[in-house]
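Below are some notes for a colleague on this entry, set out as numbered points. Please read them with the sequence and the coordinates open side by side.

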Amino acid sequence: MKLTKHIFLLVAGLALAACTDAGRFGANGSGAGGAGAGGANGAIVPGSANDPTSTAYFNQTVGDRVLFAVDESTISETGRTTLEGQAQWLLANTDFTAVIEGHADEQGTREYNVALGARRANAVREYLISRGVAGNRLTTVSYGKERPLEICSNEACYAKNRRAVTVLAGGLSS
Amino acid sequence: MKLQVFILAILVTLTGLHASSAVAQGNGPLRIEITEGVIEPLPFALPIFEAETPNSQAYAQQISQVIAEDLKGTGLFREIAPSAFISNVSSFAAPIQYADWKAINAQALITGAVAVQGNQLNVKFRLYDVFSGAEMGDGLQFTGTPEGWRRMAHKVADAVYSRITGEGGYFDSRVVYVSEAGPKDARQKRLAIMDYDGANVQYLTDSSAIVLAPRFSPDGRRVLYTSYETGFPRIYVLDVGSVQRRAVETQTGTMSFAPRFAPDGQTIVFSLSEGGNTDIYAMNINGGSVARLTSAPSIETAPSFSPDGSQIVFESDRSGSQQLYVMPSRGGEARRISFGPGRYGTPVWSPRGDLVAFTKQNAGRFHIGVMRLDGSEERLLTASFLDEGPTWAPNGRVIMFSRETQGAQGRSTLYSVDITGRNLRPVRTPEGGSDPSWSPLQK
């Protein structure tokens, strides 16, 4: 239950800030990690985007999300590349679990979109499992059309909202 | 007096057999056929009710106003301004000067009286058919508490509406909905309940978690809804009186949503997503075994019971796109009922059993529509950027739904519309609103 709460907070944070807060699950969690770009002069700042074991690295460099076509849950070519990276990363960083959030754009009825988001999240989960990630590390949740990232009402925004985001959790023990 | 009532009753019965004109004209009896699509609202006069006790003046004023608002709000009635009145009704008991009301073309006259005694409020009214020169039905009296004055006004208006249209009333009813604040990407949602006309709003949850699609129990005392308070969509049941809620136990490791009561008030149906697949299940609200009603690799959701509890209408994309289907309430073979262009979702069975209301998406627009249960006589009532989630008034003649406007400033508002497609109007709420569910008529 406690874990769930953490996940939820992280999810909320991601939705609002598009993941600039690397500190939360980074080692030590000092303010320095929050700088994101960090690591000038080649030094790896733990938890920053150039620490390959950090969530920031996963979110920004590996890529935490895949996008979908209208009313589809098929993983695209680009999506597969991203998920290959996610699978590699998860296999290398076994302390982490992940919640895969499925989302839909606003062009659909509310409950159908919850079901559609569930389909998308599951498609990502199945793909990661097929690449060797243990299923018990991967939970899914659907937000339907309730948490769009972009708020314009045209395809430019809709395309970014039809997404499945792999949200890392449980990296605190490292 | 008694004879007149009797004669009038016969006349009303007789006209019921004809396909009568929309509004009774001339000397015909007072009658509105709602299904005909009323063009000309029926004019009524409503002199402010008599205050029978010194402290009932304000109640008399407010009750008269709410009755008039209820009737006007239907689009079927038009109020004649009191400034046009020739005679006034000085006393509830005084004889009616029909000629004076006829002269200003008032077809219906509503008189009443209000008295407050201690913590008791009495409201009496009479309805007159001016052109027939007779009272329509017997006078009625309602008794309640002063705080309940709005309900008593709604009850008077329901009686007037019922006598003139021959339909059940719907004013003494409530609506549970999702109150919405904030921009689209950080929208705050909480459950709210209000009178059908937007009065007496009360919040049932805080906005710390997303809540979706509340539905009343058949007795209007409980509400089923979906909340993300654990981080995952789960079903909750809330007691309206105590505002206490509890999670309904469903399978762990799954997402459950779209819960609805069966007419028995005990069985619920809902959607459960597992491994990306969403199907419809049924269970007793107090727990116990879960029965799976659909088993398809497609999305099955948004179930709604027939009023007799024997069938369920739901949506499925098993054909490749969202369409409406009807199946026995214990599951089994489903027959598709929607065949027009576009996608159909959120079916809701009319409380009269004759129609299903739905959301339709076609060519980039959203519509609220109705069709018969065999899919015939499809009628689209609205069109906009995003209309969805119809709910039926207790009499099955009016539909409420939510409309979201386009773009970054988009906001969701509740609207109501007649099943004829007429009288589209916003329902005023303090914040934005979505996912309305209309209660049955209150007892």
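1. Counted over all chains, the salt bridges come to 35, and it should be kept in mind throughout that the model they are drawn from is a predicted one. One of the pairs joins Lys124(B) to Glu52(B), where the closest N and O atoms are 3.2 Å apart. Lys124(B) belongs to strand E5 (residues 120-129) of chain B, while Glu52(B) sits in the loop between strand E2 (50-51) and helix H2 (57-73) of that chain, so this pair ties together parts that are 72 residues apart in sequence.

2. Turning to the contact between the chains, 31 residues of chain A and 44 residues of chain B take part in it. The area buried between chain A and chain B is about 3,300 Å², and carbon and sulfur atoms give 58% of that area. Within the area that chain A buries against chain B, Arg110(A), Glu111(A) and Ile151(A) supply 22%, which is more than any other three residues.

3. As for polar interactions, the interface of chain A and chain B holds 7 salt bridges, and one that can be inspected directly is formed by the side chains of Arg119(A) and Asp317(B), at 2.9 Å from N to O. Across the interface of these two chains there are also 17 residue pairs in polar contact, with both residues at pLDDT 80 or more.

4. Which elements of chain A supply at least two residues each of the side that touches chain B? They are helix H1 (2-17), helix H4 (110-130) and strand E3 of chain A, and the largest share, 9 residues, comes from H4(A). By class, this side of chain A is made up of 14 nonpolar, 9 polar and 8 charged residues.

5. Chain A contains an open sheet of 4 strands in the order E1-E4-E2-E3, and the pairing within this sheet is mixed. Its edge strands, each pairing on one side only, are E1 (65-67) and E3 (138-144) of chain A, and neighbouring strands are turned against each other by 20° on average, with direction ignored. Between E1(A) and strand E4 (residues 163-169) of chain A the pairing is antiparallel and runs over 3 bridges; here Arg65(A) stands opposite Val165(A) in E4(A). Helix H3 (residues 77-92) of chain A packs on this sheet and touches E1, E3 and E4 of chain A, with a direction that makes about 160° with that of E1(A).

6. In chain B, an open sheet of 4 strands follows the order E27-E28-E29-E30 with antiparallel pairing. The edges of this sheet are strand E27 (387-392) and strand E30 (425-426) of chain B, each of which pairs on one side only. Strand E28 (residues 398-404) and strand E29 (residues 412-418) of chain B run antiparallel and are joined by 7 bridges; a convenient pair to look up is Phe401(B), whose bridge partner in E29(B) is Tyr415(B).

Key: Residues numbered from 1 in each chain as written. Chains lettered and ligands numbered in written order. Predicted model: local features only at pLDDT ≥ 70, side-chain atom pairs only at ≥ 80, totals over all residues. Heavy atoms only, no water. Pairing = 2+ DSSP bridges. Axes fitted to C-alpha atoms, helices over the stretch in contact; angles between N-to-C directions. Contact = heavy atoms within 4.5 Å. Buried area = accessible area lost by both parts, 1.4 Å probe. Salt bridge = Lys/Arg side-chain N within 4 Å of Asp/Glu carboxyl O. Polar contact = N/O pair within 3.5 Å; in protein donor to acceptor, adjacent residues only side chain to side chain. Nonpolar A, V, L, I, M, F, W, Y, C, P; charged D, E, K, R; others polar.
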